[in-house]
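Open the model in your viewer and follow the stops below in order.

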There are 2 protein chains.
Amino acid sequence: MKHRIALVGFGTVGQGLAEILLEKREYLKTRYGYEFDIVGISDIAWGTAYNPDGLDITAMLNAAKAKQKFSQDLKDWDALTMIRKCNATVVCELAFTDLETGEPAISHCKAAFETGKHVVTSNKGPAALAYTDLKAMAEKKGLRFLIEGTVMSGTPVLNLAEGPLAGCEITAALGILNGTTNYILTQMEAGMSYEDALKKAQELGYAEADPTGDVEGYDARGKVTILANVVMNTSLRIEDVSCKGITHITPEDIEKAKEENCRWKLIGSVKKEGDKVKASVAPEMVPLSHPLAGVMGATNAITFATDLLGEVSVVGPGAGRKETGFSILTDLLRLHR
Amino acid sequence: MKHRIALVGFGTVGQGLAEILLEKREYLKTRYGYEFDIVGISDIAWGTAYNPDGLDITAMLNAAKAKQKFSQDLKDWDALTMIRKCNATVVCELAFTDLETGEPAISHCKAAFETGKHVVTSNKGPAALAYTDLKAMAEKKGLRFLIEGTVMSGTPVLNLAEGPLAGCEITAALGILNGTTNYILTQMEAGMSYEDALKKAQELGYAEADPTGDVEGYDARGKVTILANVVMNTSLRIEDVSCKGITHITPEDIEKAKEENCRWKLIGSVKKEGDKVKASVAPEMVPLSHPLAGVMGATNAITFATDLLGEVSVVGPGAGRKETGFSILTDLLRLHR
């Protein structure tokens, strides 16, 4: 069966995915028997293109890179209309993240499920705010809602827990889930002030012009909520997760940690306590001997505590064009299996 | 469908697996729809028991723990006869490891495939010496040869590469694959002599009375061969892997590493170089900033270098009763999916 893919959002992640699919078309076919067409792309900047027999991906990529509207297969449709009307088997939701309302991504996911299409997304909005509802909606229709890319981009976390770790009970998860704050803390440890480290993170493109979402811990809080709901099969709301960022960490705090053979990390934590799941985001002094202590710069990591394996940690990239593009590919292949 | 399991070997791993299956029977059914009977167990010490409708696992565990022969459902069969005659759908090969000949495990695997049964094993013998042949034999019959437990016990490595990392090209793998030598190096760094550290490892049950297989790197070499063949889809022979152990590391070497902000680790390495795959085991001075440097004691770890994600590392247990028992369960669930 040839998979028919629709992309909602054709920014960094959408283009990254399209490039990977283009480069790896033969490899995916030979190695995994995976064949596909991208039939629709809708982007707020470049318009909506649709061809039920498959779009010319190279032309679409060229248009987007030249910051021009699509010129082939153009339709007068918004994203919702494309999702409903297209013949895709799977919708990749790659539009912008809104952790307050989850929109427009939640509506995109619902429209896909209503019209019989799987959803794969790296968008934290629907995953953090509406996972339980959207998953139930998908399952009712025999569809999948796959979200590997919402936590640590393509580094295996959710698919690790649901795949190779299946059979283990995961009793806790501790993670460094935000690369920007980890980069800032790494620079502060090397002697920089918070303000200078933030500025450097912005120059490198790690932090946004308004860094609030990262430095106040909101981004990590969204990911912690997702982890709790996927890995512990609960229905935690984002407002149930206590949240403290790194803006109050002083050079004195950094020194104090060094003296105690520790290192500050912004830790997202989910723990089973009896029937309840407790979750939080807060800076913690981590002993240097802990696997998370050595995770520096923009790298992310997570440690799962399990009943049968004890602690298992994964360390990998938390963001990036190709890295997040791959997170979508890995879920597309999971759909294929 | 109810899976019918035969266990060949009922020592630490076999008993660990049986305990997990017994404890988790309801959980596996509810969560994954996984139902099973253990229909046969053959052990060189406790004999062979077989019941096509399922054995009484508790009774079998009690016999083995009391170091007594099985008394129920006893058959006058050796392991090979049980494999051939039983009605199992899957054979778990958990007999002793022989890295010279691979026997009797290789014959066990072949008999299973010949009579239409999947094989799951944590035995490095057949995996390191005959992976390509056994896999081909299995595939010809529409069967699976699954071996997660041969590298880092139940910590996801091979199923990680073949599952959530599918779609990435793995260009290199670097790992700490032997817990005994890592424990000895950790103790030497804390000031112990090689001899004292080895003695302590033996007292703790990490090292065998004859520690050659661990300290000369042969155990790690078996795992490196397996990694190369599974993850890089090649046909490397164990004798193609250069191998050097830790017996020549001196306290002076340990000091020298400290001065250079490094730490000695016995590193198993597999690298694609053009069309070739190069593999080795040798002690290396790893910079403290590398994710593998912080892996201390009996813990194992592996770093995959990939085309789309850069470096992804997994850290977890490398051995243990429950841990290796789980490695079999994870492959049984993979068969089930």
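**Stop 1: the two chains**

Select chain A and chain B: a turn of 180 degrees and a shift of 0.0 Å along the axis lay chain A on chain B with an RMSD of 0.0 Å (superposed by least squares on the C-alpha atoms of residues with pLDDT of at least 70 in both). That is the relation of a two-fold axis. The same surface serves both copies, as 100% of the contact residues of chain A recur in chain B (contact means heavy atoms within 4.5 Å). To find the axis, select Val314(A), whose C-alpha comes closest to it among the residues of chain A, at 2.3 Å.

This is a predicted model, in which local features need pLDDT of at least 70, side-chain atom pairs count only at pLDDT 80 or more, and totals for chains, interfaces and linings use all residues. Residues are numbered from 1 along each chain as written, chains are lettered from A in the order written, and side-chain values use heavy atoms, without hydrogens and water.

**Stop 2: two domains of chain A**

Colour 2-154 + 321-336 of chain A as domain 1 and 161-316 as domain 2 (bounds from an automatic or database domain assignment). Their contact takes 12 residues from domain 1 and 18 residues from domain 2. The C-alpha centres of the two domains lie 28 Å apart.

**Stop 3: a salt bridge between them**

Now show the side chains of Lys124(A) and Asp219(A), which meet in a salt bridge at 3.3 Å, N to O (a side-chain nitrogen of Lys or Arg within 4 Å of a carboxyl oxygen of Asp or Glu). Between domain 1 and domain 2 of chain A, the count is two salt bridges.
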